[in-house]
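Trainee: Could you go through this model with me? I'd like to start with the ligands and then move on to the rest.

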Amino acid sequence: MSRSRKDPRTERATHRVEGSIRPRFDLAAAPAATGRPRRDRRAEERLALVPGTVRRRLDRTQRVAAVGALPAPTTPAVETPPRLRTIPEPACLVAVVPDAPGGRLTPHDRQLFGAARLLADANGGAVLALVESWSDELAIAGADRVLPIPASGYDPEAKALALLSVLDGLAVRHVLFPESADGGDLARRLAALSGEALFAGAESLSAKAVTRAAQGRRIEQRRAPPRLISLATDAVAPHAGTLHEALPVEFAFPEPTAGAILSAEYIPADPAKVSLAEADFVTSAGNGVTDFEVFRALVAALGATPGASRMVCDAGLMPRAAQVGASGTVLEARCYFALGIAGAPQHLQGVARCEHVVAVNTDLHAAMIERAGLAIVADAQEVMPALLRLIAEEKRG
Amino acid sequence: MRIAVLLSAGRHRVSAHPAPVPVELQAIRLAAELGGEAFGLHAGPAIGPLHDTLGHGLPRLTHLRLAENDDPAPSLADALREGAFDLVLAGRSGQGGEDAGLLPYALARTLGLPIVADAVALAEGPQPGTLRVEQALPRGARRRLVIRLPALVTVHPAAPAPLPFAFAAARRGDVETRPGIAAACAPSEMEERPYRPRPKLIAKAAGGASAAERLKAATESASGGGKLLVEPTPDNAARAILAHLREIGVLA
Ligand SMILES: Cc1cc2nc3c(=O)[nH]c(=O)nc-3n(C[C@H](O)[C@H](O)[C@H](O)COP(=O)(O)OP(=O)(O)OC[C@H]3O[C@@H](n4cnc5c(N)ncnc54)[C@H](O)[C@@H]3O)c2cc1C
Ligand SMILES: Nc1ncnc2c1ncn2[C@@H]1O[C@H](COP(=O)(O)O)[C@@H](O)[C@H]1O
């Protein structure tokens, strides 16, 4: 696909005849190749051509290059298992206190492990995960040691006291918390208990310096990483590349005492009422959906929050508050279910942070189909009633 | 019930002019709706724009006068101990100062009070001397707690909007000024410079990647290559979707 590229100046210079004061060139001599490859745009275009469509279509990103080999682009079997890295005698420990709701690490928790690895590797230390229960995710996330902390129900004060005993009992150089609702609360409790300074909401982190915003984001504070740090989201990349041991650690915790919280009851969000920005599961309609009665029934049956593309909101079929995308709401949802949405860049920006995407579209080459973890090329008008029927059947049977 | 609302000297989010902090005005509303006597408490060199808080439903305000750059915690702790309050409300974090939200925790520690974060609604508890607190969690979820009083509670920005400003109430409200306890702040190791927004991390986009690759990284699914079903029957499609939603755990 690549030819070598011509450089007229050097080419002319190679023809120069030495030994005379006036420059003389012997242009009949054989030209020398420069070795810089030159792009062959025709061959590139031929590769990008999507076969099997009536209109000429180019896919320059080469993501569906193998459309002939449908269905299911299976993952190639070249995945080599990550190398195991052991740290038998760490110089110090960098502790991580992830939120891990329900025992599963969130993307924010993984970034926390990335930050901890950075600090641990710079000091020859090991990463210690302080979690409620051991899980095999921790080894991939980058934990060398795991210490289960005793916890029963919602009692952050008891948890902070347990963390304080770890801070005093083990050689912990840094403790990292996520700057989330529960993580931030715990970090501040531990800071007040231990009298150590907390660097709250770090927006960048390296082994030498951490920074945070202060005074209403007008100034940036910067210092060497202190002992307690809480980390904002998307500040540090998650750890990748090596597998770690996640060895359990023994530690004797003090007996917990009764706190001031008499009862705690978790109330899940009501999907019909929460705002799109807060929603966990969003089901969205685009221009490919015509029957909005069925769409609304489906949203209710799935227990999702309704959303829409701009085309639908412009047409007045859904309220403006339901618009997903650059000029609507940027979602934080875990799952996004797109029905009849093409996936314009302005729309995809709103979905960029969603972990899982499911798409139904009649067009195989829609950008939404490429983005989706489960993509279904079918008519949304037929899939929606089928889904409703199936959910009703499951409820009955 | 005697309720203290801690008010800090804030700055407006956009104009940077001195202004009350919105979440503390929301705390005043929660205190007003809970009933009982509400007292504002501020420690700092001047009361300035905090006079406006009287118009948002706070009947009285105590100002503990301090020198510039003094630590407010000892003065506030002393005033709170002396006032024998049942409930102390504070904002989740200030706006215009250090903005770390650490002061309420430090106060709770020195006063020996339990602290609960991120309240969006308060109500009388089932027994006397208890309080029901609704706590905001991410993604619109809530946690309903019953706590024993006295306690310190911080308020979350998702709480109801502040009461509208009433000029007459602002005129009527009293401000009591008395000297606070002089306490120099611990010297800070922080180096300060003008804020520079840092680019948010984009998953997998390596530096020097082409524009198409960066767009791909910004919009591509984090979970890697997906499943594709072409022209299934509607029933098969529905089954696949439900199975997938169950697998990722969004559907019961
Ligand atoms: C400055 C600017 C800002 C914008 N901001 C936003 C924004 O915030 N949010 C937003 O959404 N848009 C935004 N847009 C508009 C955006 O560019 C697109 O026009 C819009 O997202 C397209 O919506 P759509 O996918 O629903 O419609 P279309 O582009 O019309 O796509 C409809 C899709 O449905 C499929 N389809 C058709 N029939 C069926 C069927 N029976 N079953 C299944 N699938 C079917 C089609 O194949 C097609 O892929 C913005 C545009 C601009 C210029
Ligand atoms: N000088 C002060 N006087 C009274 N209350 C304060 C003062 N500083 C902070 N607070 C309270 O503590 C909360 C958190 O502040 P900060 O720790 O500065 O983010 C604020 O929302 C106020 O309720």
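Mentor: Let us begin with Arg310(A), where a backbone N or O atom lies 2.8 Å from an oxygen atom of ligand 1. Please keep in mind throughout that this is a predicted model.

Trainee: OK. What lies 3.3 Å from an oxygen atom of ligand 1, and what lies 2.5 Å from a nitrogen atom of ligand 1?

Mentor: The 3.3 Å distance belongs to a backbone N or O atom of Gly328(A), whereas the nitrogen atom of ligand 1 has a polar side-chain atom of Asp379(A) at 2.5 Å. As for how far the ligand is covered, ligand 1 has 970 Å² of accessible area on its own, and the protein covers 71% of this.

Trainee: How many residues surround ligand 1, and which are the closest?

Mentor: There are 25 residues around ligand 1, and the closest are Ser309(A), Ser327(A), His347(A), Asp379(A) and Ala380(A). Asp379(A) is thus among the closest residues and also provides the side-chain contact to nitrogen that I mentioned.

Trainee: And how does that shell divide into nonpolar, polar and charged?

Mentor: The shell around ligand 1 is made up of 14 polar, eight nonpolar and three charged residues. In terms of secondary structure, at least two residues of this shell come from each of α8 (310-314), α9 (345-351) and α11 (380-396) of chain A.

Trainee: Switching to ligand 2, then. Which residues of chain B are the closest?

Mentor: Leu6(B), Glu24(B), Ala43(B), Gly94(B) and Gly101(B) are the closest of the 19 residues that surround ligand 2. Two of these also make backbone contacts, since a polar backbone atom of Leu6(B) is 2.8 Å from an oxygen atom of ligand 2, and a polar backbone atom of Gly101(B) is likewise 2.8 Å from an oxygen atom of the ligand. In addition, a backbone N or O atom of Gly91(B) lies 3.0 Å from an oxygen atom of ligand 2. Ligand 2 exposes 480 Å² when taken alone, and the protein buries 90% of that area.

Trainee: Which element gives the largest share of that shell?

Mentor: That is β4(B), which contributes three residues. β4 (37-44), β6 (87-91) and α3 (103-111) of chain B each supply at least two residues of the shell around ligand 2, and by class the shell holds eleven nonpolar, six polar and two charged residues.

Trainee: Does UniProt have a record here, and what does it list for chain B?

Mentor: An unreviewed UniProt entry lists residues 22-178 of chain B as "domain: Electron transfer flavoprotein alpha/beta-subunit N-terminal". In the model, residues 22-178 of chain B are 25% helix and 34% strand, with the end C-alpha atoms 25 Å apart.

Trainee: New topic: how many aromatic pairs does the structure hold?

Mentor: Over all chains there are three aromatic pairs. In one of them, Phe292(A) and Phe295(A), the ring centres are 6.0 Å apart and the planes stand at 75°, so the pair counts as edge-to-face. Both residues sit in helix α7 (residues 292-302) of chain A, and because they are three residues apart there, about one helical turn separates them. Phe292(A) and Phe295(A) are both buried.

Trainee: And Phe39(B) with Phe85(B), why is that pair edge-to-face?

Mentor: The planes of Phe39(B) and Phe85(B) are at 65°, which is over the 60 degrees required, so the pair is edge-to-face, with ring centres 5.5 Å apart. Phe39(B) belongs to strand β4 of chain B and Phe85(B) to the loop between α2 (73-83) and β6, so this pair ties together parts that are 46 residues apart in sequence. Phe39(B) and Phe85(B) are both buried.

Trainee: Last thing, the backbone. Where is the cis peptide bond?

Mentor: The cis bond joins Leu149(B) and Pro150(B), with omega at about 0°, and Pro150(B) lies in the loop between β9 (142-148) and β10 (151-155) of chain B.

Trainee: What about phi at Ala84(B) and Asp118(B), and is each one buried or exposed?

Mentor: Ala84(B) has a positive phi near 50° and lies in the loop between α2 and β6 of chain B, where it is exposed at 52% relative accessible area. Asp118(B) has a positive phi of about 60°, but this residue lies in strand β7 (residues 115-124) of chain B and is buried, with a relative accessible area of 4%. Most residues other than glycine have a negative phi.

Notes: Residues are numbered from 1 along each chain as its sequence is written. Chains are lettered from A and ligands numbered from 1 in the order in which they are written. This is a predicted model: local features need pLDDT of at least 70, side-chain atom pairs count only at pLDDT 80 or more; totals for chains, interfaces and linings use all residues. Side-chain values use heavy atoms; hydrogens and water are left out. A residue is near a molecule or strand if one of its heavy atoms lies within 4 Å of it. A polar contact is a pair of N or O atoms within 3.5 Å; within protein, one must be able to donate a hydrogen and the other to accept it, and residues adjacent in sequence count only if both atoms are side-chain atoms. Accessible areas come from the Shrake-Rupley method with a 1.4 Å probe; for residues, only the protein chains shown count as cover. Helices (H or I, at least four residues) and strands (E, at least two) are DSSP runs, numbered from the N terminus. Ala, Val, Leu, Ile, Met, Phe, Trp, Tyr, Cys and Pro count as nonpolar, Asp, Glu, Lys and Arg as charged, and the others, Gly among them, as polar. UniProt positions are given in the numbering used here, feature names are shortened, and annotations may be inferred rather than shown by experiment. Rings of Phe, Tyr and Trp (its six-membered ring) pair if their centres lie within 6.5 Å; planes under 30 degrees apart count as stacked, over 60 as edge-to-face and the rest as tilted. Buried means under 20% relative accessible area, exposed over 50%, partly exposed in between (1.4 Å probe, protein chains only).
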